[in-house]
Structure formats: C-alpha cells, structure tokens
Amino acid sequence: MKLFSSVNDVTDVNALVKEALALKQDPFAHQQLGKNKTLALVFLNPSLRTRMSTQKAAMNLGMNVMVLNIDKEGWALELRDGVIMDGTTVEHIREAAGVMGQYADIIGVRSFPGLRNREEDYSEMIFNKFVEFCKVPVVSLESATRHPLQSLADLITIEELKKTARPKVVLTWAPHIKPLPQAVPNSFSEWMCKADVDFTIVQPKGYELCTDFTQGANISYNQDEALAGADFIYVKNWSAYEPYGNILGKHEEWMLTNKKLEQTNDAKVMHCLPVRRNLELSDEILDGPSSIVVHEAGNRVWAAQAVLKQMLESL
Ligand SMILES: CCC[C@H](NC(=O)CCC(=O)O)C(=O)O
Ligand SMILES: NC(=O)OP(=O)(O)O
C-alpha cells in the first residue's frame, strides 16, 4: 500500500478490518517491522486523536515518529504554481514536501478544506501536491473531502460491537454554530456503502452530501423515521455542499436525545470527536450507556496500525 486516502485504496476492506482487530489483540506482534523507519505526521490543522493514535500505532510497529504542525511551526507555504513569491508565502510546497520525503519513509498529512472554493477543495489540490512532491507513501490524516483513518476505525467498531449480521447504521446530521467540512460524513458514507450494513443518511433538506460519496446509501429527511430500528447512530455536523460551505439553518431540534433513542434498537451512538456538547450531541447521551465515542476513538490506534503495517510491508 503506497497511498491511503480513501476506501478505494484498500484492496480488501474486510481483511483490513480483521487485521486491525488482530493487532488490537496483539499490539506488539510486529515491532521489528518498523525498526529504523520514520513516520512524519504533518498537520495543517488541529488534532488530538489522529495525532496521538497514529503516533502510538507507529511506535507499536517500532517506528520513529516526527510531528510537524506546519501551519504554526513551518514556513508559510505557497501552494500555487508559477507565481512570483513576493508576498507572505516563504516556501513552495514542491520543496517542503520534497524535503520531508528525504527525512521520512512514510508521511501522514492533514489538510482541511477552505470551504470557500468547492472545485479546489474537491480536487484535493493540497493533499495531492504533498503526494506528488514527497515521493514516499502517504496516509491521509483527514483531507478536504475524506477522513479514511476515522472511517476505518468506525467500521472496526461496528464490526466489533454489532449484535446482528447486518446492522442498521444511520448517519444523522447534527446542529453546529460554524461551517464544518463534509470530509467525515463523505468518508463514513463511502466505507458504509462498501460494508455489509443497512445504511441510511438523514439530514435536513439542502444538506445532501455530494452523490460521489453516497451511492448505495438510503437518503432520508425524516430523522424519527430514519432512527427507527437503528443499531448504530453516527452523529456529525457538516456544512452544505450546495451552496458550498454554507449553514442553511440552525435545526436545533436535530440534536439527538434519549427520547429519540427510544425508537431505535437500543442503538449505540458514535461520533468521531471533537464534539460540541449540548449543541451537536446532548450530555445525557454522551454520559449515558448508549455512547461508544471513547471506545470508537480507541480503535483509531488499530486502524492506523493496520494501515501503517501494510505500508511498511510494501516499502
Ligand atoms: C475529526 C473532525 C475534524 C473536524 N471537526 C471540526 O473542525 C470541529 C471544530 C469545532 O467544533 O469547532 C471536521 O468536522 O471535519
Ligand atoms: N476524530 C479525529 O480525527 O479527531 P482529531 O481531529 O482530534 O484528530
């Protein structure tokens, strides 16, 4: 594996999930695999889970890890080609990515969307330039349109905790106070549509995701109907795809509550975190027995370790 940016980079999703669960049972089984190999984690945006879980996964495999918050610690990056750099940018991504590829055997990159120019964001211009110029294998730490390590961890969690062979999984939109990326829901939808689950996306009208990511999903606008009989509820806010990056309405009544859970099949509640309590998801759920958000976050380690193991094996 030379690139992990989406479910489409995975040849066998079920095998990857099984490998991750096996690593969870025996985390140090491959400690020699990463010996004297270096992972560089490059963040253009904040992170807790991705930063810590991916470092832990790499260390479990015996790797050395370097972390760079390039937005704060690096030089101001120029992403455009052919410009005269006589303004505020100091280093072109061509040199920055190329040099990092000299130091690391594998590079992880986080680059959120700007949520202003949909064509630029959905072309994955920044992420793809890192891939093009660093010349080593790259793992996405969340890009403009996807978050594959999160989605793999989410699928691992569902496979680990499901009580039926083909659980009903519902991705429900949730309120927020600022426009958030579509990356997490896009990615969750792509992975669920490749998994053996009954998958529904429910959102207020106008918040439909790009259909490139939702082929195979049931689309609903009635949250109560969608939640009926659900086994897993994935809660997440996202901004509108059209008009791009917009907040179309507060819809405060979309926040999940225990009352809404009564119509589910004793559903487990998931969220990628960080979560805005009592805006996106209620305290009563997050502090109650249905929430598995911390367990889900714990599985980020095994998702990253399974991916890094496959990358190391193909170096
Ligand atoms: C893993 C999730 C990262 C990011 N989340 C946020 O940006 C939350 C920011 C906030 O709540 O102010 C997102 O929604 O893509
Ligand atoms: N879920 C997730 O990726 O969390 P961080 O943004 O804290 O890494």
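Select Trp173, His176, Lys178, Pro179, Tyr207, Asn237 and Ile247: these residues line the largest cavity. The model on screen is predicted. The volume enclosed here is about 30 Å³, and the structure holds one cavity of 30 Å³ or more. By type, the lining divides into four nonpolar residues, two polar and one charged. Rolling a probe the size of a water molecule over the atoms shows where empty space is left.

**The largest pocket**

Next, select Phe112, Leu180, Pro181, Lys236 and Pro274. Among the 26 residues that line the largest pocket, these five lie nearest its centre. The space in this pocket comes to about 590 Å³. Its lining is made up of 13 nonpolar, five polar and eight charged residues.

**Two cis peptide bonds**

Keep Pro274 selected and add Leu273. The peptide bond from Leu273 to Pro274 is cis, and its omega is near 0°. Pro274, one of the residues nearest the centre of the largest pocket, sits in the loop between β12 (268–270) and α11 (283–286).

Now move to Glu242 and Pro243. The peptide bond that joins Glu242 to Pro243 is also cis, with omega near -5°. To place Pro243, show β11 (232–236) and α10 (258–261): the residue is in the loop between them. Lys236, listed among the residues nearest the pocket centre, falls within the range of β11 (232–236).

**A positive phi**

Select Glu142 and look at its backbone. Which sign does phi have at Glu142? The angle is positive, about 120°, although the residue is not a glycine. Glu142 belongs to the loop between β7 (138–140) and α7. Helix α7 covers residues 148–161 and is the starting point for the next stop.

**Helix crossings**

Show α7 together with helix α13, residues 300–313. The axes of the two helices come within 8 Å and cross at roughly 115°. That angle makes α7 roughly perpendicular to α13. The crossing of this pair is right-handed.

Leave α7 on display and bring in helix α8, residues 183–192. How do the axes of α7 and α8 cross, and at what angle? They come within 9 Å of each other and cross at roughly 45°. At that angle α7 is oblique to α8. The crossing of α7 and α8 is right-handed.

For the last pair, hide α7 and α8, return to α13, and add helix α2, residues 49–60. The axes of α2 and α13 come within 8 Å, with a crossing angle of roughly 50°. The two helices are therefore oblique to each other. Where α2 passes α13, the crossing is right-handed.

**Two annotated spans**

Finish by colouring two stretches of the chain. For the first, select residues 5–160. An unreviewed UniProt entry annotates this span as "domain: Aspartate/ornithine carbamoyltransferase carbamoyl-P binding". The chain over residues 5–160 is 44% helix and 15% strand. Pick the C-alpha atoms at the two ends of the span: they are 23 Å apart.

For the second, select residues 184–310. The annotation here, also from an unreviewed UniProt entry, reads "domain: Aspartate/ornithine carbamoyltransferase Asp/Orn-binding". How much of residues 184–310 is helix, and how much is strand? The span is 31% helix and 13% strand, and its end C-alpha atoms lie 23 Å apart.

Conventions. Residues numbered from 1 in each chain as written. Chains lettered and ligands numbered in written order. Predicted model: local features only at pLDDT ≥ 70, side-chain atom pairs only at ≥ 80, totals over all residues. Heavy atoms only, no water. 1 Å grid on protein atoms, 1.4 Å probe; cavity = no way out; pocket = protein on both sides within 12 Å on 5 of 7 lines; lining within 4 Å. Points joined across faces, edges and corners; volume = space filled by probe spheres on them. Nonpolar A, V, L, I, M, F, W, Y, C, P; charged D, E, K, R; others polar. UniProt positions renumbered as here; feature names shortened; annotations may be inferred. Helix = DSSP H or I, 4+ residues; strand = E, 2+ residues; numbered from the N terminus. Axes fitted to C-alpha atoms, helices over the stretch in contact; angles between N-to-C directions. Parallel < 35°, antiparallel > 145°, perpendicular 65-115°, else oblique. Left-handed = near helix turned anticlockwise from the far one by under 90°.
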